[in-house]
Amino acid sequence: AGDDRQGAVQEMYRVLKPEGRLLIAEFTQGHGPHARLRLHRSTPDDLLSQAQELVTTAGFAGVTSGPTNLGWLSTITARKEIAS
């Protein structure tokens, strides 16, 4: 599964035009009535950091992550720099 995710992020990098932006939404642990959405995931606390590492490894720059106004969803943003 990890190799599939890395391949997918590398493909995103390949097809994104220079200066293009990437946005990934990832479920997080969350609280409240939607917290049960995460029960099917095996490692909820680590998924966001794993996804962020995949984005960095693929070559994206300016990688950041943060919460949304939904307590159970976070985002990762990055950009593809112009090749020098």
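**Exercise 1.** In this predicted model, decide whether Trp-72 is buried or exposed, then classify its pairing with Phe-27.

*Solution.*
Step 1. Trp-72 has a relative accessibility of 16%. The cut-off for buried is under 20%, so Trp-72 counts as buried.
Step 2. Phe-27, with a relative accessible area of 30%, is partly exposed.
Step 3. The ring centres of Phe-27 and Trp-72 are 5.6 Å apart, with the planes at 20°. Planes under 30 degrees apart count as stacked, so this pair is stacked.
Step 4. Phe-27 belongs to strand E1 (residues 21–27) and Trp-72 to the loop between E2 and E3, so the pair ties together parts 45 residues apart in sequence.

**Exercise 2.** The whole structure holds two aromatic pairs. Classify the one formed by Tyr-13 and Phe-60, and say where its residues lie.

*Solution.*
Step 1. The centres of the two rings, Tyr-13 and Phe-60, are 5.0 Å apart and the planes stand at 90°, so the pair is edge-to-face.
Step 2. Tyr-13 is in helix H1 (residues 2–15), while Phe-60 is in the loop between helix H2 (47–58) and strand E2 (61–67); the pair therefore ties together parts 47 residues apart in sequence.
Step 3. Phe-60 is buried at 6% relative accessibility, and Tyr-13 is partly exposed at 23%.
Step 4. The ring of Tyr-13 also has the charged end of Lys-80 over it, 4.7 Å from the ring centre.

**Exercise 3.** Describe the surroundings of Thr-77.

*Solution.*
Step 1. Strand E3 (residues 73–79) contains Thr-77.
Step 2. Leaving out residues up to four places away in sequence, Thr-77 touches several residues, among them Arg-21, Leu-23 and Val-63.
Step 3. Side chain to side chain, Thr-77 makes a polar contact with Thr-64 (2.7 Å).

Note on methods:
Residues are numbered from 1 along each chain as its sequence is written. This is a predicted model: local features need pLDDT of at least 70, side-chain atom pairs count only at pLDDT 80 or more; totals for chains, interfaces and linings use all residues. Side-chain values use heavy atoms; hydrogens and water are left out. Helices (H or I, at least four residues) and strands (E, at least two) are DSSP runs, numbered from the N terminus. A polar contact is a pair of N or O atoms within 3.5 Å; within protein, one must be able to donate a hydrogen and the other to accept it, and residues adjacent in sequence count only if both atoms are side-chain atoms. Contact means heavy atoms within 4.5 Å. Rings of Phe, Tyr and Trp (its six-membered ring) pair if their centres lie within 6.5 Å; planes under 30 degrees apart count as stacked, over 60 as edge-to-face and the rest as tilted. Buried means under 20% relative accessible area, exposed over 50%, partly exposed in between (1.4 Å probe, protein chains only). A charge sits over a ring if NZ of Lys or CZ of Arg is within 6 Å of the ring centre and within 35 degrees of the ring normal.
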